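Colleague: I should like to understand how the terms used for this model are justified. May I put some questions to you?

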Amino acid sequence: VMSHANLINLVDWAADRFLITSEDTLTNVNPIYFDNSVFDLYASLFNGAKLAPFRADQTKDPQNLVRLVSQVGCTIWFSVPSLLVYLLTTRSVAKDSLSAIRAFIFGGEGFPKTKLRQLHELVGHHAVLENVYGPTECTCICSARTVSTEDLASDDNLAPLGYLNPNFEGIV
């Protein structure tokens, strides 16, 4: 169960961390029944941004999805890494595609470094890559880190999970 307080914390944190404004359009490539959609819905609507929902059949056709996201002018992408890996593996993302996106946010699973490096090479000149982490109960995101070129220097390990958001404590 996600609490009201956790949801408000997510909305406020997302505005600060990703500088979400009324000029932004967030993708909604996550199914509504999947906990990642909480970020899409609430971070956009409660921060005055637009939301571009995509149907399941649209997310299964990689070239069409990239075309539609570009056509709508989405500025912030959030998904699991496997969807981005799928787009890369099918060669649906090119150097000039998705040029309006200023932040690719991903989490929920590890992002293989070879594919993360490939994404960075294709879009890193116009967008930041943000690795996020968190359990469902805290609205899916409790930490974030901007992926740096140093993070991509070797294939050892996954990208760091980053620093905890305000109002969270970590126990290792």
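Modeller: Certainly. Phe 46 is placed in the loop between helix H2 (37-45) and strand S2 (50-53); helices (H or I, at least four residues) and strands (E, at least two) are DSSP runs, numbered from the N terminus. This is a predicted model, in which local features need pLDDT of at least 70 and side-chain atom pairs count only at pLDDT 80 or more, while totals for chains, interfaces and linings use all residues. Residues are numbered from 1 along each chain as its sequence is written, and side-chain values use heavy atoms, with hydrogens and water left out.

Colleague: Why is Phe 46 called exposed?

Modeller: Exposed means over 50% relative accessible area, buried under 20%, and partly exposed in between (1.4 Å probe, protein chains only). Phe 46 has 56% relative accessibility, so Phe 46 counts as exposed.

Colleague: What makes the contact of Asp 24 and Arg 102 a salt bridge?

Modeller: A salt bridge requires a side-chain nitrogen of Lys or Arg within 4 Å of a carboxyl oxygen of Asp or Glu. For Asp 24 and Arg 102 the N to O distance is 2.8 Å, and therefore the pair qualifies. The two residues are 78 residues apart.

Colleague: Which class does each partner belong to, Asp 24 and Arg 102?

Modeller: Asp 24, at 4% relative accessibility, counts as buried, whereas Arg 102, at 29%, counts as partly exposed.

Colleague: How do you know that Arg 117 and Asp 155 form a salt bridge?

Modeller: Their closest N and O atoms are 2.7 Å apart, so the rule is met. By this rule the count comes to five salt bridges.
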